[in-house]
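Here are some short exercises to work through with the model open beside you. Try each task yourself, then read the solution step by step.

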Amino acid sequence: MTFDPERARRDFPILAHKVHGKPLVFLDSAASAQKPECVIEAVSDVYRSCYANIERGVYELSLRATDAVEAARCKIADFLGAPESREVIFVRNATEAINLVARTYARQHVGEGDEILVTHMEHHANIVPWQMLCEETGARLRVAPIDDRGQLLLEEFAKLVTPRTKLVAVAHISNALGTINPVEEIVRIAREHGAPVLVDGAQAVPHQRVDVAGLGCDFYVFSGHKVFGPSGVGVLWGRAELLEAMPPFMGGGSMIRSVTFEKSTYQGIPHKFEAGTPDIAGIVGLGAAIDYVSGLGLDAIAAHERDLLIYATNALEAVPGLRLIGTAERKAAVISFVLEGAHPHDIGTILDLEGIAVRTGHHCAQPVMDRFGVPATARASFALYNSRADVDALVAGLEKVREVFA
Ligand code: PMP
């Protein structure tokens, strides 16, 4: 059965809305994806039927809420191909997951003269925590270069991995360029020098099948809100032996085994890293989102988005004065562009009047903007609910932009 985006679109109530009197064409899923009815229902169902604080209660509602959270943890472990569900840690978002690793694992293993290796295409969330760590420890941030299409220069990357490299942190897919990084190769090279690899999967999990065991990485992070789940919940997956050896991130309730004023002892994983009350309904909603994409099939979603990428790339390349930023051979359905004579923010505003939502700016990836010599781009990012009709609407909208700026 072929994938039917129009059918999928009907699962997302917000997409039936009009904006400025026009049907909504939502092309900003890389920033945050919309939510299907089943996720909205799952969240409200928690509040309606089984809400209570988790882990600590002995009464029925608390046990039900705890079971629902733990069921979501198992689903996510399966979804990621993780060997064990206790390797799945609930955090607020990808940013928090990266900071967690920077403040625990990296604090333990990184010292003066050591190096953290990232790529030139990282999101600020995968740059700034490492810079902060370097400032504290005297370690050095190294940056693997990319070519003019926005592809990692793997040979240059390999030269930068040395015995000083204590961690490699790379995006699975770049949010600004759409580049899909060769994570297996990256892991293989890093392994030769014993460097663990953190993969920022924020842009990957909604669009392609991810298998952390197959990738061979050590940490994998993502945000629930980009994979059609609620905002406020994200995931850190880590290898059990690494997580077990790491100190806690935040201290407080839920993460302790015992507390006295003299000394506290901690829970095992995953709870050691889950201090305080989490977003209970959000976690359950994320579980529903994972069920949703799994039901549609990640391979079918990826094939559909591949078709959209090709269709959209051809259509946009034909727009006079338009320059694509990021033309990697292995690319996800994220299209950044600039248009001669028009500032990206003006493009965004004019498209908005046509009901078309695109993101404009530096996309929290200023270094990659600098690499391409632009302060900002307009970015159309596609998801399972987009169709070729959305691309046609974008192209027609860009004609309007060109009329204004001609
Ligand atoms: N990494 C990448 C590649 C992203 O695209 C984003 C979100 N734009 C993040 C990290 C950070 O995600 P969040 O804001 O949900 O923490």
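**Exercise 1.** Find which atoms of the ligand pair with polar side-chain atoms of threonine 95, histidine 225 and lysine 226.

*Solution.* Start with threonine 95: a polar atom of its side chain is 2.5 Å from a ligand oxygen. A polar contact is a pair of N or O atoms within 3.5 Å; within protein, one must be able to donate a hydrogen and the other to accept it, and residues adjacent in sequence count only if both atoms are side-chain atoms. Next, a side-chain N or O atom of histidine 225 lies 2.7 Å from an oxygen atom of the ligand. Then turn to lysine 226, where a side-chain N or O atom is 2.7 Å from a nitrogen atom of the ligand. Finally, look at the cover: alone, the ligand exposes 390 Å², and the protein buries 87% of that (areas by the Shrake-Rupley method with a 1.4 Å probe; for residues, only the protein chains shown count as cover).

A word on the source: this is a predicted model, where local features need pLDDT of at least 70 and side-chain atom pairs count only at pLDDT 80 or more, while totals for chains, interfaces and linings use all residues. Residues are numbered from 1 along each chain as its sequence is written, and side-chain values use heavy atoms, leaving out hydrogens and water.

**Exercise 2.** Sort the shell around the ligand by class: how many residues are nonpolar, polar and charged?

*Solution.* First collect the residues around the ligand, among them Asn93, Ala94, Asp200 and Lys226 (a residue is near if one of its heavy atoms lies within 4 Å). Then apply the classes: Ala, Val, Leu, Ile, Met, Phe, Trp, Tyr, Cys and Pro are nonpolar, Asp, Glu, Lys and Arg charged, and the others, Gly among them, polar. The shell has 3 nonpolar, 7 polar and 2 charged residues.

**Exercise 3.** Decide for phenylalanine 228 and cysteine 364: buried, partly exposed or exposed?

*Solution.* Recall the cut-offs: buried is under 20% relative accessible area, exposed over 50%, and partly exposed in between (1.4 Å probe, protein chains only). Phenylalanine 228 has a relative accessible area of 0%, so this residue is buried. Cysteine 364 has 33%, so this one is partly exposed. Now check the backbone: phenylalanine 228, not a glycine, has a positive phi of about 75 degrees. Cysteine 364 also has a positive phi, near 55 degrees.

**Exercise 4.** Find which residue joins proline 270 through a cis peptide bond.

*Solution.* Check omega, which is about 5 degrees; the partner is isoleucine 269.
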